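Got the viewer open? Here is a short tour that goes one selection at a time.

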Amino acid sequence: MDDKTGGLPPRFLRTPEAARFLGLSGRTLEMHRVYGTGPRYRKIGGRVVYAVEDLKSWADQGLRTSTSDPGTGTVRPARPASR
């Protein structure tokens with residue numbers, strides 16, 4: 001079998017795989033997409049895909065070193081922004 005990817009890990013993940021990567025349910029990731037609170041994604045031929053780098057970057061917004069660390073960003077919940 002000819003492997004044209006050279007054993008490279010996948011660069012793009014579909015919603016179920018991206019959700020597993022983040023430790024979320026697929027439905028939660030879909031709701032993040034609806035409300036604009038989730039990671040960046042791409043539409044390719046009508047399919048939604050996520051770049052692994054974008055998933056890591058989004059998750060890193062919630063990076064903290066302690067419970068008192070305010071961090072530099074926030075990972076918002078999958079719901080509409082309050083007014």
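Contact here means heavy atoms within 4.5 Å. Keep that cut-off in mind for your first pick, Q61, and remember that you're looking at a predicted model.

**Stop 1: Q61.** Select Q61, which sits in the segment after α3. Leaving aside residues up to four places away in sequence, Q61 touches G73, T74 and V75. Now add R76 to the selection: Q61 and R76 are 15 residues apart in sequence, and their C-alpha atoms are 9.6 Å apart in space. Is Q61 buried or exposed? Neither, quite: its relative accessible area is 34%, so Q61 is partly exposed.

**Stop 2: α3 against α1.** Step back along the chain to helix α3, residues 52-60, and show helix α1, residues 15-22, along with it. The two axes come within 11 Å and cross at roughly 40 degrees. That angle makes α1 oblique to α3, and the crossing is right-handed. To see what meets what, turn on side chains for A18, F21 and L22 in α1, then for V52, L55, K56, W58 and A59 in α3. Colour the contact by class and you should get 7 nonpolar residues, 1 charged and no polar ones.

**Stop 3: α1 against α2.** Keep α1 on screen, hide α3 and bring in helix α2, residues 26-35. What angle do α1 and α2 pack at? About 100 degrees, with the axes 8 Å apart. Angles of 65 to 115 degrees count as roughly perpendicular, and α1 and α2 are therefore roughly perpendicular to each other. On the α1 side, pick T15, A18, A19 and L22; on the α2 side, pick G26, L29, E30 and R33. By class, this contact has 4 nonpolar, 2 polar and 2 charged residues. You may recognise A18 and L22 from the previous stop, where they meet α3; here A18 and L22 are part of the contact with α2.

**Stop 4: the aromatic pair.** How many aromatic pairs does a search of the whole structure find? Just 1. Select Y41 and Y50 to see the pair: the ring centres are 6.1 Å apart, and the planes are 55 degrees from each other, a tilted arrangement. Switch on a surface and look at each partner in turn. Y41 has a relative accessibility of 38%, so Y41 counts as partly exposed. Y50, at 1% relative accessibility, counts as buried.

Notes:
Residues are numbered from 1 along each chain as its sequence is written. This is a predicted model: local features need pLDDT of at least 70, side-chain atom pairs count only at pLDDT 80 or more; totals for chains, interfaces and linings use all residues. Side-chain values use heavy atoms; hydrogens and water are left out. Axes are lines fitted to C-alpha atoms, for helices over the stretch in contact, and angles run from 0 to 180 degrees between N-to-C directions. Helices (H or I, at least four residues) and strands (E, at least two) are DSSP runs, numbered from the N terminus. Angles under 35 degrees count as roughly parallel, over 145 as roughly antiparallel, 65 to 115 as roughly perpendicular and the rest as oblique. A crossing is left-handed if the near helix is turned anticlockwise from the far one by less than a right angle, and right-handed if clockwise. Ala, Val, Leu, Ile, Met, Phe, Trp, Tyr, Cys and Pro count as nonpolar, Asp, Glu, Lys and Arg as charged, and the others, Gly among them, as polar. Buried means under 20% relative accessible area, exposed over 50%, partly exposed in between (1.4 Å probe, protein chains only). Rings of Phe, Tyr and Trp (its six-membered ring) pair if their centres lie within 6.5 Å; planes under 30 degrees apart count as stacked, over 60 as edge-to-face and the rest as tilted.
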